[in-house]
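Below is a short briefing on strand pairing and one surface patch, written for a reader who wants the criteria stated beside the results.

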Amino acid sequence: MLRLQHLIGLPVIEMNAGKHVGHVKDAWFDEHWQLGGIILDAGRRFLTSMKAVLWNEVLVCGEDAVIIMDETSVKRTKQADVQRSFLTGTVRLKDLPVITAHGEQLGRVSDVYFNDLQGTQIIGYELTDGFIADIMEGRKWLPAPLQADEVMLGNDVIIVPAGSEDNLSPVAGSETDIREK
């Protein structure tokens, strides 16, 4: 299981030449909040475009690096084309409130988890109630419903089915590692 926040900052290496092509700056999602790819740091000279790699072009997400096949996987993308991302898009997944269909707020998104081998489906959310609550009570894990249509990932809020509060569990220290053993 991968944590999206762990990927941010990792170096991106092309396998064919062993060349460093950048660092992961963010991840972008399509209109259905499926992971579309990673955004690389582009430096200051690219103010209107960014470097991105489609998720299906990522070979390995290791503990210390992200591996792609070659430099042709890196494409220039206009910032306007990346509407939804984890940290920097017009619509940001991080800090979105998670609310049940009955109107109970469960927390705000702190991180998302997904299976690297099974594709791009988000399998769960790490929720926070703020810094003090994180220290006192810890963060909470909310598994994503099995049916994608049971969750409404909107621009301003995530709405989950009523009763989702029963699925919350504490996030243990070992669960915050990049891989679950």
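Which residue takes a positive phi in the hairpin of β2 and β3? Gly18 does, with a phi near 65°, in a hairpin that has 4 residues between the strands. The model is predicted, so local features need pLDDT of at least 70 and side-chain atom pairs count only at pLDDT 80 or more, whereas totals for chains, interfaces and linings use all residues. Residues are numbered from 1 along each chain as its sequence is written, and side-chain values use heavy atoms, with hydrogens and water left out.

**Strand pairing**
- Strands are DSSP runs of E with at least two residues, numbered from the N terminus, and two of them pair if DSSP finds at least two bridges between them.
- β2 (11–14) and β3 (19–29) run antiparallel and are joined by 4 bridges, with Glu14 having Lys19 in β3 as its bridge partner.
- β3 also pairs in the antiparallel sense with β4 (residues 35–40) over 5 bridges, and in the hairpin of these two strands, which has 5 residues between them, Trp33 takes a positive phi near 60°.
- With β9 (residues 84–85), β3 pairs in the antiparallel sense over 2 bridges.
- Trp28 has Gly37 in β4 as its bridge partner and stands opposite Ser85 in β9.

**Surface patch**
- Met15, found in the loop between β2 and β3, joins Leu59, Val60 and Met69 in making a nonpolar surface patch of about 340 Å².
- Patch residues have over 30% relative accessible area and no salt bridge, and nonpolar side chains (Val, Leu, Ile, Met, Phe, Trp, Tyr) are joined within 5 Å, like charges within 9 Å.
- Accessible areas come from the Shrake-Rupley method with a 1.4 Å probe, where for residues only the protein chains shown count as cover; a salt bridge is a side-chain nitrogen of Lys or Arg within 4 Å of a carboxyl oxygen of Asp or Glu.
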